[in-house]
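Colleague: Before we discuss this model, I should like to hear the reasoning behind several of the terms applied to it.
Modeller: Certainly; please put the questions one at a time.

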Amino acid sequence: TGNTYYVALYTNSASLDATTTAYASGNEATGTAYSAGGQSLTNVTPSLSGTTALTDFADVTWSSSSITARGALIYNYSLAGNNAVCVLDFGSDKTSSAGDFTIQFPAADATNAIIRIA
C-alpha cells in the first residue's frame, strides 16, 4: 500500500517478458479512449491466505474505446523508474471497437490472485 500502480496495454510488436524491468512507451497500444501510460489500478490490497501473500486489483475498463492489444504491463507508477511488477500475455490480440476494453482480474485467493508469493 502507499504506492500507485498502473496497467499499460501493448501491441503484438512489444517484447514483454521476464526481462521487462520498467514501463516504456515503445509498441504501446493506441486508440480511442486510451492514453499513453495506461490507467491506474484500484483496490491494491495486499493480504495473506495461509502462507501465501497476494494482492488483487479491481477490474479495469477503457469505456467506449477502440483498442487492439496483445498484452499489458502492471507497473509501479510511484517509483522514479516506473518499475515493472507483472507482465500479462492475453494469448492473442484482443480488440474493442467503440465498446469496452476490460481486463478482468482473477479471484483474490492463494490459487488464483494475479500476484502471489508463497
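Colleague: Why does Thr20 count as buried?
Modeller: In this predicted model, Thr20 has 17% relative accessibility. Buried means under 20%, so Thr20 counts as buried.

Colleague: Where is Thr20 found, and with what is Thr20 in contact?
Modeller: Thr20 is found in the loop between β1 (5-10) and β2 (31-32). Apart from neighbours within four places in sequence, Thr20 is in contact with Ser15, Leu73, Ala84 and Val87.

Colleague: Why is Ala72 called buried?
Modeller: The relative accessible area of Ala72 is 0%; the cut-off is under 20%, and therefore Ala72 is buried. Ala72 is found in strand β6 (residues 60-76). Its contacts, leaving aside neighbours within four places in sequence, include Val7, Leu9, Cys86 and Ile103. Val7 is 65 residues from Ala72 in sequence, yet the two are 6.5 Å apart in space, C-alpha to C-alpha.

Colleague: What makes β4 and β5 a pair?
Modeller: Pairing requires at least two bridges, and three bridges join β4 to strand β5 (residues 52-55); therefore the two strands pair. They run antiparallel. One of the bridges links Ser49 with Thr52 in β5.

Colleague: Which strands are the edge strands of the open sheet, and why?
Modeller: The open sheet has three strands in the order β4-β5-β8, with antiparallel pairing. The edge strands are β4 (47-49) and β8 (115-117), because each pairs on one side only. From one strand to the next, the twist averages 30 degrees.

Key:
Residues are numbered from 1 along each chain as its sequence is written. This is a predicted model: local features need pLDDT of at least 70, side-chain atom pairs count only at pLDDT 80 or more; totals for chains, interfaces and linings use all residues. Side-chain values use heavy atoms; hydrogens and water are left out. Helices (H or I, at least four residues) and strands (E, at least two) are DSSP runs, numbered from the N terminus. Buried means under 20% relative accessible area, exposed over 50%, partly exposed in between (1.4 Å probe, protein chains only). Contact means heavy atoms within 4.5 Å. Axes are lines fitted to C-alpha atoms, for helices over the stretch in contact, and angles run from 0 to 180 degrees between N-to-C directions.
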